[in-house]
Every structure is written in structure tokens, then in C-alpha cells.
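Dear colleague,

Please find below the structure that I am handing over to you, with its sequence. My findings follow it, and I would ask you to read them with the model open.

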Amino acid sequence: IVFGANLKRIGKMAFFNSGLQSIHIPSGVDSIGENCFGECKSLGEVIFEEDSNLKQIGEGVFFNSGLQSIRIPAKVESIGENCFSECKSLGEVIFPENSNLKQIGIRAFCKTGLKSMRIPSGVESIGKECFYGCKGLDEMTFNGNVNLKQIGLGVFFKSGLHAKDV
């Protein structure tokens, strides 16, 4: 699906459990409703325009979808609870060098196929059980000067990381 440039919001559960395979999100979109692309098992590609105005990826937006890789827009400041949870094919999440990300929500990447993750330097909090059950996760890197103030309970529980790795 390719939307017109005037689109500002995509509503709650707009494509929930659909056969959507690919989507191009215009730069004017500033809001994506909860569970918008949840359960979209065929969704393999989401493309955000470089100058995206999106500041938040909300609760369960991509929950249990078929996403394999995603590039998070630079202006995104928070990733909501269960946003990518259960995305078993999700192997790569890319943050630009100028990322504004500050908060990663509870169980945001729980039970995904992530093997490594590079956390932007501006991140201040990582919610509880964020990477719970990511058995293939064996590398976690924090970019530059770390502003991390809070790591929730069980963030790496049942993941491939060991205490010496973090």
C-alpha cells in the first residue's frame, strides 16, 4: 500500500490481521494507532520516508507480524508496549545515528528473532521484559554516551544474553 502525501494518522487496528505485505508510510504521518498492523503475518516490509514526522510507535503496532527488518525514523522518541512483541521473523532493527529515541516500552521486543541490537545513545529507559524470550539475542551495543537511567525487571530474561555480555 502506498498512501498519499496528505495522510496524517493511521487509526487503531486499521490493518489488524490483514494480508498486507508491504506498506510505505508518508512523512506527514505523525500517529499510528495501537495494534494497527498487529497479527499481519504477511507483512514483511514497512518503509518510512526519511523525513518522517512520526514521534511515537504505539502499543502493539506490529505485534505478531511477519516483519523481518525495520528502520525506525529519527524523530521517534518512544516505542510502545508490545510494539514488536512476538515478531518471530524480526531479525534487524535499525536506528539512525541522529535517533531521538528516549524510551523503549514494556515487552517491546519480547520473543522476536533479534540476534543483535544497537541502542541509541539518547535512550533513557528500557521497559521490563523488553527482550524477554529473545533466545537468539547474543549482542547488545549502546551507542556513544549512554543516557540510560532505568532498565526494567527481567529485560533480558530468557534471552541469549548473559550478564557478562551486557
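In this predicted model, strand β10 covers residues 116-119 and has two unlike faces: Met 117 and Ile 119 lie on the covered one, while Ser 116 and Arg 118 lie on the uncovered one. A general rule helps in reading this: in a regular strand, side chains alternate between the two faces of the sheet. Strand β10 runs parallel to β12 (residues 139-142), and four bridges join the two. Within this pair, Arg 118 stands opposite Thr 141 of β12. Met 117, from the covered face of β10, will appear again below in the core.

Just before β12 comes Asp 138, in the loop that begins after β11 (125-126). Is Asp 138 buried or exposed? Its relative accessible area is 52%, and because exposed means over 50%, Asp 138 counts as exposed. Asp 138 is nevertheless in contact with Lys 115, Gly 160 and Leu 161, leaving aside neighbours within four places in sequence. For Lys 115, the separation along the chain is 23 residues, yet the C-alpha atoms of Lys 115 and Asp 138 are 5.8 Å apart.

The chain as a whole may be described next. The protein chain contains 13 strands and zero helices, so that its pattern along the sequence is β repeated from beginning to end. Five of these strands form an open sheet with parallel pairing, in the order β5-β7-β9-β11-β13. Its edge strands, each pairing on one side only, are β5 (56-57) and β13 (150-151). At the β5 edge, two bridges link β5 to β7 (residues 78-79) in the parallel sense, and Gln 56 has Ser 78 of β7 as its bridge partner.

Which residues have the most contacts inside the largest nonpolar core? They are Phe 37, Phe 62, Ile 70, Phe 84, Phe 109, Met 117 and Phe 131, in a core of 45 residues. The elements giving two or more residues to this core are β2, β4 and β10. Ile 70 shows what such a position looks like: not counting residues up to four places away in sequence, Ile 70 touches Val 46, Phe 48, Phe 62, Phe 84, Leu 90, Glu 92, Val 93 and Ile 94.

Two loop residues deserve a separate look for their backbone angles. Asn 17, in the loop between β1 (9-10) and β2 (22-25), has a positive phi of about 55° although it is not a glycine. Asn 17 is also exposed, with a relative accessible area of 52%. Asn 35 likewise has a positive phi of about 55° without being a glycine, and its place is the loop between β3 (31-32) and β4 (45-48).

Finally, some values for the overall form. The C-alpha trace spans about 50 × 30 × 20 Å along its principal axes. A compact globule of 166 residues would have a radius of gyration near 15 Å, and the protein chain agrees with this, since its own value is 15 Å. Of the 166 residues, 48% count as buried. The protein chain exposes about 8200 Å², of which carbon and sulfur atoms supply 45%. Among contacts between residues at least 6 apart in sequence, 38% join residues at least 24 apart.

Yours sincerely,
A colleague

Note on methods:
Residues are numbered from 1 along each chain as its sequence is written. This is a predicted model: local features need pLDDT of at least 70, side-chain atom pairs count only at pLDDT 80 or more; totals for chains, interfaces and linings use all residues. Side-chain values use heavy atoms; hydrogens and water are left out. Buried means under 20% relative accessible area, exposed over 50%, partly exposed in between (1.4 Å probe, protein chains only). Two strands pair if DSSP finds at least two bridges between them. A nonpolar core is a set of buried Ala, Val, Leu, Ile, Met, Phe, Trp, Tyr and Cys residues joined through side-chain atoms within 4.5 Å. Contact means heavy atoms within 4.5 Å. The radius of gyration is taken over C-alpha atoms; the globule rule is 2.2 Å times the number of residues to the power 0.38. Accessible areas come from the Shrake-Rupley method with a 1.4 Å probe; for residues, only the protein chains shown count as cover.
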